[in-house]
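User: Please take a close look at the backbone of this model, going through the loops one by one and explaining where each residue of interest sits. A connected account would suit me better than a list.

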Amino acid sequence: MTDTILEVKGLKKYFSTPRGLLYAVDDVSFSIERGKTLGLVGESGCGKSTTGRAILRLLEPTGGEVYFEGRNVAKLSRKQFHKLRRDMQIIFQDPFSSLDPRMSVGKIIAEPIIINKLIKDKSALEKRVAELMEIVGLAPRLINSYPHELDGGRRQRIGVARALSLNPKFIICDEPVSALDVSIQAQILNLLKQLQKDMGLTYIFITHDLSVVNHFSDEIAVMYLGKIIEHAPTVALFDNPIHPYTKALLSAIPVPDLDHQRQRIIIKGEITSPINLPDECRFAPRCRHTRPECRQGQPPLVEVQERHFVACPFGMGLD
Amino acid sequence: MDITGLVCDRQQENVMICAEEGREGAAANHLILEIKDLFVDYETDDGVVHAVNGMNMKLGRKQTLGLVGETGAGKTTTALSILRLVPNPPGVIKSGAILLDGQDVFALSEHDMRKLRGSFVSMIFQDPMTSLNPVITVGEQIAEVIREHQKLSKKEADEAALEMLEIVGIARDRFDDYPHQFSGGMKQRVIIAIALACSPKLLIADEPTTALDVTIQAQILEVMKGLKEKYDTSMIMITHDLGIVAEICDLVSVVYAGSVVEHGTLEEVFKHPCHPYTEGLFLSLPNINSRSEMLQPIPGLMPDPTEKYETCPFAPRCHYATEHCRKQLPAKHWFSSTHYAVCAGYDAPEFRLNRRSGQ
């Protein structure tokens, strides 16, 4: 019996714009087992960050349900939800803009604890902050520093410490390393991985960088224009991508290995506007295999191999 | 490749450098760009930042050099120095020389420098969102460069600009559109069109695809590769992405703390990295082809650029550093006539990197 910690069913987030409805997230469903990592991958504008925020109700979903440990998040009262949110945290992309520049490192890390009234005793609070700083690898002397005095890697460590401060079970990592240099990226990725091992955390790892999720995730869901178009265990997705978009995406990554052989698939054109989308496969305008059937309705996500879901009726038979 | 036999002691090294200079001296007129021992500082109120510390570079016709390094390594400052565009103040060129096609850039008048920019050498900047003028149509922005450097009538320049649009893959009827009507990838195409409008001999591309999505990046790299071939342009590709280097470059210079720590052909640097920093960069990359549990990051941080260093700047982060490294500045060690690393480790003849087995 699997231990599902989070289940998302038909999640929708639409924004109304002067030009019409913008389908940021459109009917997204998935579930994650406790202690695992789901990589949510796609290019800018595909709805991956909106999905993360809608799960945490940082953006109120337009429709759909989110179950955390079996409880429907949307049905909870504000107070109940606040309590639940201790277990669900987020690490933001940009460590330069997501920290309050007027708060010291110690204050930033202590703030969630104070707000949730978890520790009232001052010395105990100080001890907890020191402990958190040690866990994420920040030197104790930095406790009174301000974010602008620190480099990107250290700032992101503050973001991690803050997310950990309430002992969460589940963390959404929204592009946590894309603003960092490669040598620092590896430090943060290793830290997140170690924390997962030590604390049994569950992650949703949102990124555009497929080489990062390959390293990090147990399963990967690829998004395109608000929809998941392929969802599979990491190894299966990399070794046997089925959706034409996933194939092109994988082939587009520059690999720093001279012996790496592959055929590059260049997708023509650019991502379609997500406003007032026609009822057809979202990738059809750019797909090199488009057939008349692709223009009639949106293909559902179908299990084509064990735990390997694809939203393309012709996926298996292409190439 | 066994590098033992190639590691030279100081004396041999000098001989090899002379030999190299002799060879290149004969072919000196083929060098598009030469940078000799360049030092650039930014003098700010909070102190002097030593951005470039003894940068050397040589680039021949049709060659593409990948300039690889992390934030603050001095890549962009080097590029701006070539165009003499380092903002002054606070930027000051302290010493060194840059020769473009044999001409000393720092000796040119501003008028002559303007003539070179855009026609002999041009640059693609990192951020396509901010490098176009928002109130001028893209067609006009391309035509402007052409009129500036070539004696053409407005009509002829417009026609040439239309051709450039087509070459980079934008429909001709978008000539009268404004930059905000284009997506990031399309804007970068416009910038490439501007940079190549006067078929420069040298193109400097500063992280041209960093702001773009991977599938769009693949499109842009494809366009750049094609155009490079077509116009026989030499290119400097500034990037932190080793994957892009593998794809498009012939030569690689790895930059750390303002100077080149390793240089060689693509094959040499990627298959037999000789500087511990280069090795560290490869090890810290999440690799699509391997699913190892933990990455091997380079510990620590870049050195503080306001401090002038007298010993190896990488030593505090280096896996191999010994007392010897903390005594003097490391010397250049040649492994072939094209491949060197600036590392004191090789002062010991048996020194070898061992963390990353050759691919």
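Analyst: Helices and strands are here DSSP runs, of at least four residues for a helix and at least two for a strand, numbered from the N terminus. The model is a predicted one. In chain B, the loop between helix 2 (75-82) and strand 4 (91-100) holds B:Pro89, and B:Pro90 lies in that loop as well. The peptide bond leading from B:Asn88 into B:Pro89 is cis, with omega near -10 degrees, and the bond joining B:Pro89 to B:Pro90 is also cis, its omega being about 5 degrees.

Positive phi values are the next topic. B:Ser199, in the loop between helix 6 (184-196) and strand 7 (202-206) of chain B, has a phi near 35 degrees although it is not a glycine; its relative accessibility is 34%, so it counts as partly exposed. In chain A, A:Glu175 is likewise a non-glycine residue with a positive phi, about 45 degrees, and its place is the loop between strand 7 (170-174) and helix 6. Because its relative accessibility is 7%, below the 20% cut-off, A:Glu175 counts as buried.

Helix 6 of chain A also leads to the contact between the chains, where eleven residue pairs are in polar contact. Helix 6 (182-199) is one of the helices supplying at least two residues to the side of chain A that touches chain B, and with ten residues it gives the most to that side.

Methods
Residues numbered from 1 in each chain as written. Chains lettered and ligands numbered in written order. Predicted model: local features only at pLDDT ≥ 70, side-chain atom pairs only at ≥ 80, totals over all residues. Heavy atoms only, no water. Polar contact = N/O pair within 3.5 Å; in protein donor to acceptor, adjacent residues only side chain to side chain. Buried < 20%, exposed > 50% of the residue type's maximum accessible area, 1.4 Å probe, protein only.
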